[in-house]
Amino acid sequence: LFSISVVDWMGDAVVGNPPYGRQESLSSANKDEALRCLSRDWAGVADGLIGIGRRADLAALCMARMLRMTRLGGRVGLVVSSALFDAGYARALWQGLEEVAALVAVVESPDERWFADAAVNSVIVVFERGAAPAPFPIARLRVPVAAARDRVSGLGDHEAVADIRIADPM
């Protein structure tokens, strides 16, 4: 991901599941490369994102990179660890992200793990690049994801599967 040149591709949307890798497990060379990419991508635009470079885990670094690969007005939807809301660098991460994008939705399923081989709780986050921070919905599923998938066919169906609250920007 860090070797992709931003000028090669600017998309309307990026959807993914970035790797969950603690920053302590990253080599110095990988941290240096991530910091170079953050600096190249965001210098003078979102200096707060550059500041997370040495402390952030791999998923946070990928989030910043994926946002850079999305055109203004484009969306990024990712499955990430819920720990990104609680990590020691979380405040700096979310403030840095707000310099370039707005969080527009969060979906969580507190009663199930989405990946059997990962000992983390996951959430879906959706950003819009270039949008101003604004209140956004957090959907907390009351049913397993598979059941939600079967019951929801449009935006008006969400109340059948989730409790929705509106959160203020980070």
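Biologist: What makes S2 and S4 count as paired strands?

Modeller: DSSP must find at least two bridges between two strands for them to pair. S2 and S4 are joined by 7 bridges, so they satisfy this definition, and they run antiparallel. Within this pair, Arg75 stands opposite Glu128 in S4. The model is a predicted one, in which local features need pLDDT of at least 70 and side-chain atom pairs count only at pLDDT 80 or more, while totals for chains, interfaces and linings use all residues. Residues are numbered from 1 along each chain as its sequence is written, and side-chain values use heavy atoms, with hydrogens and water left out.

Biologist: How do you know that S1 and S2 pair?

Modeller: Strand S1 (residues 11-16) and strand S2 (residues 70-81) are joined by 5 bridges and run parallel. Ala13 stands opposite Arg75 in S2. The element labels are DSSP runs numbered from the N terminus: helices are H or I with at least four residues, strands are E with at least two.

Biologist: Why is the contact between Glu128 and Arg75 called a salt bridge?

Modeller: The term requires a side-chain nitrogen of Lys or Arg within 4 Å of a carboxyl oxygen of Asp or Glu. For Glu128 and Arg75 the N to O value is 3.0 Å, so the pair qualifies. The pair links distant parts of the chain, Glu128 in strand S4 and Arg75 in strand S2, 53 residues apart. The structure holds 6 salt bridges.

Biologist: What makes Glu128 buried, partly exposed or exposed?

Modeller: Buried means under 20% relative accessible area, exposed over 50%, and partly exposed in between (1.4 Å probe, protein chains only). Glu128 has 21% relative accessibility and therefore counts as partly exposed. Arg75, with 39%, is partly exposed as well.

Biologist: How do you know that Glu108 and Arg140 form a salt bridge?

Modeller: Their closest N and O atoms are 3.8 Å apart. Glu108 lies in strand S3 and Arg140 in strand S5 (residues 136-141), so this pair ties together parts that are 32 residues apart in sequence. Glu108 has a relative accessible area of 22% and is partly exposed; Arg140, at 40%, is also partly exposed.

Biologist: Why does Arg129 have no salt bridge?

Modeller: The nearest side chain of opposite charge, Asp41, is 8.9 Å away. Here Lys and Arg count as positive and Asp and Glu as negative, while His and the chain ends are not counted. Arg129, found in strand S4, is nevertheless buried. Among the residues in contact with Arg129 (heavy atoms within 4.5 Å) are Met10, Trp42 and Val100.

Biologist: How do you know that the span of H1 agrees with that of a helix?

Modeller: The expected span is 1.5 Å times one less than the number of residues. The 15 residues of H1 (residues 28-42) should therefore span 21 Å, and the end C-alpha atoms are 21 Å apart, which agrees.

Biologist: What puts the buried residues of H1 on the same side?

Modeller: Those residues are Lys31, Ala34, Cys37, Leu38, Asp41 and Trp42. They cover an arc (directions from the helix axis to the C-beta atoms) of only 125° around the axis, which puts them on the same side of H1. The face turned away from the buried side carries the exposed residues Ser28, Ala29 and Arg40.

Biologist: Why is Ala116 called exposed?

Modeller: Ala116 has a relative accessible area of 88%, so it is exposed. Ala116 is found in the loop between strand S3 (101-108) and S4.

Definitions and conventions:
Lists of a residue's contacts leave out its neighbours within four places in sequence.
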